[in-house]
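Student: Could you take me through a close look at the surroundings of ligand 1? I'd like to see what lies around it and how that fits with the rest of the model.

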Amino acid sequence: MSVSDPSLSQMREELRVSEEFLARYNRPGPRYTSYPTAPVWNDAFGVDDLEKIHAEADAAQTPVSLYMHIPFCESLCLFCACNVIIQKDKKVAPPYLDVLKKEIDRVSLGVSRSRPVVQFHWGGGTPTYLTPEQIEGLFAFTRERFTFAQEAELGIEVDPRVTSRAHLEVLRKLGFNRLSMGVQDFHPEVQKAIHRIQPYELTRDLIANARELGFDSINVDLIYGLPHQDVVRFANTVDQIISLHPDRIALFSYAHVPWLKKQQGSFAAFLPEGMQKFEIFRTGLLQFVEAGYRYIGMDHFAKPGDELAVSQEKRTLHRNFQGYTTKAGADLYGMGVTAISGFRNAYAQNHRDLPNWQNSIHDRGLATMRGYHLSADDHIRRAVISRILCHTVVPKKEINAEFGIDFDTYFAPELERLDIPRTDGLILLSRDEIRATWLGRIFIRNLAMVFDPYLEKQHLAEKPLFSKTL
Ligand SMILES: C[S@@+](CC[C@H](N)C(=O)[O-])C[C@H]1O[C@@H](n2cnc3c(N)ncnc32)[C@H](O)[C@@H]1O
Ligand code: SF4
């Protein structure tokens, strides 16, 4: 897209907002990696329920997506809101891997070999906390127990600070084709405040090595809204990233959740907020679009030929716990402490602390801590929310045909509530569809929230459950 492209100039115009507008829309809300979201799930859902869901999925012979959680990191980045265990001493890895293998073995018993694994993702924490040998061992163990599709997408999250050339070589040899790496921000003052010193050269060299070894797709994570960031500093980071030509970029909004992560309080006084944070995002967004990246939505950018961009155009894009995905229809089996599984009719999460996860795997082979069975209404709303987040348009006819409802009647209260975002320029409403504008795509979580009836109850919770939408 060039500067003279009408949609870029149109975007520049649309993305000018007032303080009052921000105050209205910048409020706590979920990121919708699932609907209903995790706080709605319940503890009554246990291992027996998950076993039934596994059997149901196997009978349906759905494609398989595997997720493996490696929770460890060597040091704590102070902004981090992930489920991590900080442990400099690597001796924690072997016992963890032993239990994980038990879980993999048990899960594989419920997945017949006729079902192809189309996606295998290692997340964390930091999976390259493991040595290349440990990675090789874990991979071989898994591969023996499942049938991997020839074209399977094999992805892993790597931290450039702890990922060596030897790591990359082993990963490539095993068939990993996607790398996702954390960068966040290159400015020294920002890096110091978040306790993550990662010079530009380190990231540059890792990307160069990965390219040389033939990884198909490289993603970089950035965060806007970190302490000491401003428009000029972050614009520099974005320029540096653009010069490295990653295939995808995740530009996350910094999630400030000090009631969950106390260490975030250490830099609370230096956080850009409100209009200042929005301007940092707006500048970065325009830089990426001007450099030719497509804005996929909810913080994600991809090169025009990238699968994500193509899939969005074809309206086949989906969203799951790892964010956007092109693998629609696959059931997700999560393994490891805190890992989440997602099936057509249910979600399940493993215990979030090591001892409970470990004991449960020893006793039962699975370690479900909570989960959820979707109701008929949940299915309808999930389909609407997914279309908003992935396609930025909801054709009413599609929902009517899929669920045998009359959209306008079923969602009469929601359509009424959409009147304010319509007046504010976030959506175009017609007889046939709801369509997000450019501004609406930026505040897409707010649009999805209109269709989420659980939020009202959650807002009564003592502590806020979600970070703000900006
Ligand atoms: C599991 S980490 C990525 C892999 C590796 N551990 C690393 O940091 O390089 C996943 C990503 O979540 C994002 N993240 C973590 N905490 C966040 C927060 N509080 N707000 C926004 N994004 C956050 C970061 O961009 C981070 O790169
Ligand atoms: S950002 Fe990555 S490396 Fe840092 S603590 Fe979080 S998961 Fe670990």
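Tutor: Sure, let's begin with some ground rules and then go to the ligand and its neighbours. This is a predicted model, where local features need pLDDT of at least 70, side-chain atom pairs count only at pLDDT 80 or more, and totals for chains, interfaces and linings use all residues. Residues are numbered from 1 along each chain as its sequence is written, chains are lettered from A and ligands numbered from 1 in the order in which they are written, and side-chain values use heavy atoms, with hydrogens and water left out.

How far can you trust it? pLDDT is the predictor's confidence in each residue, from 0 to 100. The protein's mean is 94, with 97% of its residues at 70 or more. Over residues 1-6, though, pLDDT stays under 50, and the model has 8 contacts (heavy atoms within 4.5 Å) beyond four places in sequence for that stretch.

Now to ligand 1. There are 20 residues around it, and F79, Q184, R196, D221 and A255 come nearest; a residue counts as near if one of its heavy atoms lies within 4 Å of the molecule. That shell splits into 9 nonpolar, 7 polar and 4 charged residues. Here Ala, Val, Leu, Ile, Met, Phe, Trp, Tyr, Cys and Pro count as nonpolar, Asp, Glu, Lys and Arg as charged, and the others, Gly among them, as polar.

Next come the polar contacts, meaning pairs of N or O atoms within 3.5 Å. One oxygen atom of ligand 1 is 2.7 Å from an N or O atom in the side chain of Q184. For the side chain of R196, an oxygen-to-N-or-O distance of 2.8 Å is found, while a polar backbone atom of G182 is 3.2 Å from an oxygen atom of the ligand. Taken alone, ligand 1 exposes 570 Å², and the protein buries 90% of that (areas by the Shrake-Rupley method with a 1.4 Å probe).

Four strands each give at least two residues to this shell: β5 (147-158), β6 (178-184), β7 (217-224) and β8 (248-253). Strands are DSSP runs of E with at least two residues, helices are runs of H or I with at least four, and both are numbered from the N terminus.

Two of those strands are also tied by a salt bridge (a side-chain nitrogen of Lys or Arg within 4 Å of a carboxyl oxygen of Asp or Glu): R178 pairs with E153, their closest N and O atoms being 3.8 Å apart. R178 is in β6 and E153 in β5, 25 residues apart.

Finally, look at ligand 2. Its surrounding residues include F79 and R196, names you met around ligand 1. G125 is there too; a cis peptide bond with omega about 25° joins G124 to G125, and G125 lies in the loop between β4 (116-124) and α5 (132-145).

Notes:
A polar contact is a pair of N or O atoms within 3.5 Å; within protein, one must be able to donate a hydrogen and the other to accept it, and residues adjacent in sequence count only if both atoms are side-chain atoms.
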